[in-house]
Amino acid sequence: MENKKGEKVVNLFNSIAPRYDLVNFITSWGNDGRWRKKGVELFLEELKKREGLRWKNWEKGERIDRMEGVEPPLSPIRVVDVATGTGKMVKTLCQIGKKRGIKLEILGVDPSPQMLEIAQKECPFATFQLGKGEQLPFPDNFADGVTIAFGLRNFENFPQGVEEIYRILKPGGLLLVLEFVAGKGVFRKVVDWYTSTLVPLIGGLLTGNREAYSYLSSSISHFYTPDQLLSLFSSSNFTPLHTLTFNAGQLLVAVLKKK
Ligand SMILES: C[S@@+](CC[C@H](N)C(=O)[O-])C[C@H]1O[C@@H](n2cnc3c(N)ncnc32)[C@H](O)[C@@H]1O
């Protein structure tokens with residue numbers, strides 16, 4: 001039987017899909033692109049290290065072996081974006097990968113057909129599949145990297161979702177997580193007030209579904225703190241390589257490695 005929370009969440013995303021990106025852009029003051037870029041930069045840099053390629057100048061995308069005129073055949077690095085939504089992470093991966101001269105094969109997975117329809121239009125170079133984080137439609141050891149942005153909070157069964165990500169990653173594979181997390185502090189109170197009052201108002205006006213944005217906001221305060229989240233990943237055999245927070249500690253960016 002389909003879990004009730006799961007069904008409700010998917011319907012919610014189906015209903016806000018056409019305006020999802022616009023609301024994100026407005027309510028994050030244009031910062032969501034910057035957060036994604038930062039996470040993807042760290043993630044791809046680590047993936048390249050793992051591939052054993054030497055970089056003369058990472059920022060400019062110059063590889064030493066390319067500089068020396070040796071062009072070894074590179075198989076694409078396979079990345080799966082879980083809870084891909086409208087494909088924002090897929091686009092960022094592709095843009096930064098291109099800049100750095102990294103060949104990527106990108107696959108996106110999400111249970112909302114309406115979100116995926118937009119993703120496929122926006123990112124025709126990638127492959128998209130319907131599916132939940134708790135039951136990923138890929139074999140074991142399939143991906144070099146997995147990304148998940150603002151998706152963990154929606155899992156019906158968090159441990160099962162993390163287990164699935166672990167299963168499809170190759171040994172030593174990398175996971176990039178971007179997620180809004182619970183927290184404390186004076187500035188954080190202001191950010192939480194904004195998220196719980198103004199975000200549902202703006203989201204409601206633009207999508208006609210205020211309830212959806214109230215759910216998304218309240219799910220942040222009910223979610224894990226960064227320390228709790230990282231310790232859950234550690235107990236699921238992931239080692240954190242980089243962790244950053246933005247927005248008065250509301251947004252966690254973490255790159256983790258499968259042990
Ligand atoms: C807040 S959106 C994030 C979309 C995208 N990753 C981004 O960065 O904009 C959350 C996405 O999670 C998807 N979702 C809901 N339940 C899910 C589940 N159980 N497993 C995987 N994705 C799920 C929704 O359909 C939605 O597209």
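**Helix H9, the core and the ligand shell**

Helix H9 covers residues 210–221, twelve in number, and spans 18 Å from its first C-alpha to its last, close to the 16 Å expected at 1.5 Å a residue. The model that contains this helix is predicted. Five residues are named as the buried part of H9: Ala212, Tyr213, Leu216, Ser217 and Ile220. Viewed down the axis of H9, these buried residues fall within an arc of 130°, so they line one face of the helix. The buried residues of H9 pack against three elements, namely helix H1 (4–16), strand S7 (169–180) and helix H8 (186–207).

The wider setting is as follows. The protein chain has ten helices and nine strands. Of its 259 residues, 38% are buried. Among contacts in the chain with a separation of 6 or more, 70% join residues 24 or more positions apart.

Strand S7, one of the packing partners of H9, also appears in the core. The largest nonpolar core has 63 residues, and those with the most contacts inside it are Val80, Val82, Val146, Leu175 and Val177. S7 gives the most to this core, with seven residues. For Leu175, once neighbours within four places in sequence are left aside, the contacts are Val146, Ile165, Leu169, Phe238 and Leu256. Val146 is thus a contact of Leu175 and is itself listed among the core residues with the most contacts.

Helix H1, another partner of H9, leads to the ligand. The ligand is surrounded by 23 residues, and the closest are Ala83, Gly85, Ser112, Gly133 and Ala149. Two elements give two or more residues to this shell, H1 and helix H5 (88–99). The largest share, four residues, comes from H1. By type, the shell divides into eleven nonpolar, seven polar and five charged residues.

A last stop is a loop residue. Pro76 lies in the loop between helix H4 (64–67) and strand S3 (77–82). Is Pro76 buried or exposed? Pro76 has 12 other C-beta atoms within 10 Å, and a residue counts as exposed if 12 or fewer lie within that distance, so Pro76 is exposed. With neighbours within four places in sequence left aside, Pro76 is in contact with Lys103, Leu104 and Glu105. Pro76 and Asp144 are 68 residues apart in sequence, and their C-alpha atoms are 9.6 Å apart in space.

Methods. Residues are numbered from 1 along each chain as its sequence is written. This is a predicted model: local features need pLDDT of at least 70, side-chain atom pairs count only at pLDDT 80 or more; totals for chains, interfaces and linings use all residues. The expected span of a helix is 1.5 Å times one less than its number of residues. A residue is buried if 20 or more other C-beta atoms lie within 10 Å of its own, exposed if 12 or fewer, and partly exposed in between; C-beta atoms are placed from the backbone. The arc is that of the directions from the helix axis to the C-beta atoms. Two residues are in contact if their C-beta atoms, placed from the backbone, lie within 7 Å. A residue is near a molecule or strand if its C-beta atom, placed from the backbone, lies within 6 Å of it. Ala, Val, Leu, Ile, Met, Phe, Trp, Tyr, Cys and Pro count as nonpolar, Asp, Glu, Lys and Arg as charged, and the others, Gly among them, as polar. A nonpolar core is a set of buried Ala, Val, Leu, Ile, Met, Phe, Trp, Tyr and Cys residues joined through C-beta atoms within 7 Å.
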